[in-house]
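User: I want the reasoning behind the labels, not just the labels. Take me through them one at a time.

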Amino acid sequence: MRKRHIALICYFVILFIPIYWMINTSFKSDAEILREFTMFPKEITLKNYVEIFTSPVWRNSFINSIIYVTMNVVITLIAAIPGAYAFSRWKFRGSHHLFFWLLTNRMAPGAIFIVPFTELYYTLHLYDTHLAVALAHCLFNIPLAVWILEGFMSGIPKEIDETAFIDGYSFPRFFGKIFFPLVAPGIGVAAFFAFTFSWVELLIAKSLTITDAKPVVVTLTVGIGAEGVKWGLLAAAGVLTIIPGALVVYFVRNYMAKGFALGRV
Amino acid sequence: MNNRAVLFLLPVIVIMSLSAFIPLITVVNYSLHYIFSGSMPQYVGLANYVEVLRDPEFHDALTRQLVFSTMVLAVEIPLGIMIALALPRKGIWASISLVLLGIPLLIPYNVVGIVWRLFTQSDIGVIPKILGFFGYAYNVALDPIDAPLTIFILDVWHWTPLVVLLCYAGLQSIPDAYYQAAQIDGASTWKTFRYVTLPKLRSVLILGVLLRFMDSFKIYSEPLLLTGGGPGSSTTFFSLFVSRKAESYELGYAGSVSMIYLFIVIVFSFVFFQIMTNIGKGGQTK
């Protein structure tokens with residue numbers, strides 16, 4: 001038992017050293033970063049953070065990211081919940097193939113989709129909008145959400161549906177009152193994965209935006225290379241991009257434990 | 001019933017057609033044409049595929065990718081299982097562990113690149129300092145072995161938590177009664193693991209292996225930021241290779257590579273899925 005705990009603590013320490021290093025760097029001045037090697041900032045400076053919060057470019061790109069990620073989660077769930085319900089309740093001709101086809105999309109190389117995506121969204125006059133990025137990210141998020149939700153929904157006996165209908169529930173009322181609360185943990189897990197992916201994705205988000213919807217991940221990349229790398233600034237921006245994610249994990253932590261336990265995932 | 005299913009699936013189908021099917025057809029179309037910017041695409045049949053399959057650069061990128069993906073699976077899956085087994089099952093520490101494990105997954109890919117750049121950069125990083133202390137001249141930017149190895153360790157660091165979370169979920173669904181029964185039967189720790197735990201983890205492990213395999217093919221931002229694909233081409237993994245070709249507007253070539261890429265990943269996933277599902281059926285009848 002002892003040994004197990006020590007090994008676990010070691011793992012968590014190793015897991016967090018790189019993140020600690022980034023936080024550490026974010027509170028140092030550029031001079032200190034380059035001049036000496038310190039495990040803790042000698043003089044804590046908030047200069048890097050102040051620079052980010054006062055710059056409209058950084059602020060806007062943070063807002064852009066939050067907008068399209070939220071849109072993506074909403075679209076993903078709206079499409080995936082009924083879809084997963086259909087897969088879990090009705091076996092129709094070709095349903096297996098359709099399910100596997102959905103999954104293959106998750107395997108697709110993001111890199112090559114850039115050019116077709118660009119052409120497509122130009123044609124639809126959606127280029128450089130939040131909606132374009134949100135829709136494009138559905139390519140990866142809907143398959144995963146359908147898979148996760150289908151697992152959860154298959155775990156709920158069909159008899160529940162049938163009993164509800166016999167009791168005179170209309171479909172929407174059954175869905176809202178009975179079914180939805182039952183699959184809520186699954187929806188939490190699916191939303192978590194959709195949020196995560198959309199928040200961290202760089203390649204597609206980068207190629208579908210210029211200025212109006214430019215996400216924070218892209219702003220970060222631009223900072224590298226130009227006029228010598230500002231490590232402190234990049235580290236501070238990196239720390240800030242982790243915060244929304246950490247908040248989301250914190251809020252869904254119970255769902256996650258419960259959800260992971262219930263679903264076939 | 002069938003009509004209703006179609007109605008329910010309609011949103012999925014519409015969105016997926018827009019963001020998956022149409023672009024995929026476009027890519028297939030690219031792969032069958034010679035495309036140069038400024039002139040009309042010219043239909044060439046399978047000529048692009050022939051060119052790709054004969055290209056030593058492609059062979060290198062593919063070999064590098066397969067070695068990388070194999071290593072990723074060989075390390076992350078067992079490590080993930082072990083950590084999941086060691087995690088506390090209940091109480092406050094269980095929630096804390098889950099939250100902590102979730103954090104690396106939520107760092108944007110390019111921030112992961114930046115974290116590791118800060119960590120390994122020869123003038124400001126921790127790793128070169130520590131290894132330098134032991135007399136090893138580590139240099140992620142110039143050494144063709146250090147660079148891919150660093151990307152590999154980065155991937156293990158970044159993605160093992162996902163495997164842990166999946167396995168942890170699987171473990172939670174095993175009733176305690178199973179373990180009690182194994183204990184009464186006097187099963188050793190290993191036997192309990194092999195015959196009770198592992199079969200019950202099958203479905204989450206299928207998902208874990210598939211996700212890690214697919215996603216290891218997608219590694220892009222991390223090598224781009226950390227090493228830029230170099231030194232030489234030692235960290236030019238498949239996605240980076242494809243996107244370089246697409247960026248230099250060799251769309252026919254890039255299209256063909258993508259189709260081959262998709263073919264490899266789908267065939268592997270399908271075969272793996274079938275085998276694992278059959279093993280599962282065999283196991284259940286026992």
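Analyst: This is a predicted model, and the labels below cover exposure, backbone, rings, charges and cavities.

User: Why is A:Cys10 called partly exposed?

Analyst: The relative accessible area of A:Cys10 is 40%. Buried needs under 20% and exposed needs over 50%. The value for A:Cys10 lies in between, so the label is partly exposed.

User: And B:Cys167, buried or exposed?

Analyst: Buried. Relative accessibility is 1% for B:Cys167, and the cut-off is under 20%, so the label follows.

User: How many disulfides does the structure hold?

Analyst: Zero, over all chains. A disulfide needs two cysteine sulfur atoms within 2.5 Å, so a count of zero says that no pair meets that limit.

User: What makes the phi of A:His125 worth a remark?

Analyst: A:His125 has a positive phi of about 55° and is not a glycine. The residue lies in the loop between α6 and α7 of chain A. A:Asp128 is found in that loop too. Its phi is positive as well, about 65°, and A:Asp128 is not a glycine either.

User: Which of the labels buried and exposed goes to A:His125, and which to A:Asp128?

Analyst: A:His125 is at 70% relative accessibility; exposed needs over 50%, so A:His125 is exposed. A:Asp128 has 9%, under the 20% limit, and is therefore buried.

User: Why are A:Tyr122 and A:Tyr127 called a stacked pair?

Analyst: Two tests apply. A pair of aromatic rings is described by the distance of the centres and the angle of the planes. The search finds 36 aromatic pairs over all chains. For A:Tyr122 and A:Tyr127, the centres are 4.4 Å apart, within the 6.5 Å limit, so the rings pair. The planes are 10° apart, under 30 degrees, so the pair counts as stacked. A:Tyr127 is also buried, because its 18% relative accessibility is under 20%.

User: Which rings are linked into a cluster in chain B?

Analyst: Ring pairs join B:Phe58, B:Phe213, B:Phe217, B:Phe238, B:Phe241, B:Tyr253, B:Tyr261, B:Phe268 and B:Phe272.

User: How do you know that the charged end of B:Lys245 sits over the ring of B:Tyr253?

Analyst: The distance to the ring centre is 4.8 Å. The limit is 6 Å, and the charge must also lie within 35 degrees of the ring normal. B:Lys245 is listed as sitting over the ring, so both conditions hold. B:Arg194 sits over the ring of B:Tyr195 in the same sense, 4.9 Å from its centre.

User: How many cavities of 30 Å³ or more are there?

Analyst: Three. The largest holds about 280 Å³ of space, and the second largest about 180 Å³.

User: What lines the largest cavity?

Analyst: The lining has 19 residues; A:Phe197, B:Tyr109, B:Lys218, B:Ile219 and B:Tyr220 lie nearest the centre. Elements giving two or more residues are α6 (110-123) of chain A, with α7 (146-172), α10 (202-216) and α11 (221-226) of chain B. By class, nine residues are nonpolar, three polar and seven charged.

User: And what lines the second largest cavity?

Analyst: Its lining has 15 residues, with A:Arg106, A:Phe193, A:Thr196, A:Phe197 and B:Trp159 nearest the centre. At least two residues each come from α7 (130-154) and α9 (171-200) of chain A and from α7 and α10 of chain B. The largest share, five residues, is from α9(A). The classes are 11 nonpolar, two polar and two charged.

Conventions
Residues are numbered from 1 along each chain as its sequence is written. Chains are lettered from A and ligands numbered from 1 in the order in which they are written. This is a predicted model: local features need pLDDT of at least 70, side-chain atom pairs count only at pLDDT 80 or more; totals for chains, interfaces and linings use all residues. Side-chain values use heavy atoms; hydrogens and water are left out. Buried means under 20% relative accessible area, exposed over 50%, partly exposed in between (1.4 Å probe, protein chains only). On a 1 Å grid over the protein atoms alone, a cavity is a set of points where a 1.4 Å probe fits but cannot get out, and a pocket is an open set with protein on both sides within 12 Å along at least five of seven lines; lining residues have an atom within 4 Å of a point. Grid points are joined across faces, edges and corners, and a volume is the space filled by probe spheres set on the points. Helices (H or I, at least four residues) and strands (E, at least two) are DSSP runs, numbered from the N terminus. Ala, Val, Leu, Ile, Met, Phe, Trp, Tyr, Cys and Pro count as nonpolar, Asp, Glu, Lys and Arg as charged, and the others, Gly among them, as polar. Rings of Phe, Tyr and Trp (its six-membered ring) pair if their centres lie within 6.5 Å; planes under 30 degrees apart count as stacked, over 60 as edge-to-face and the rest as tilted.
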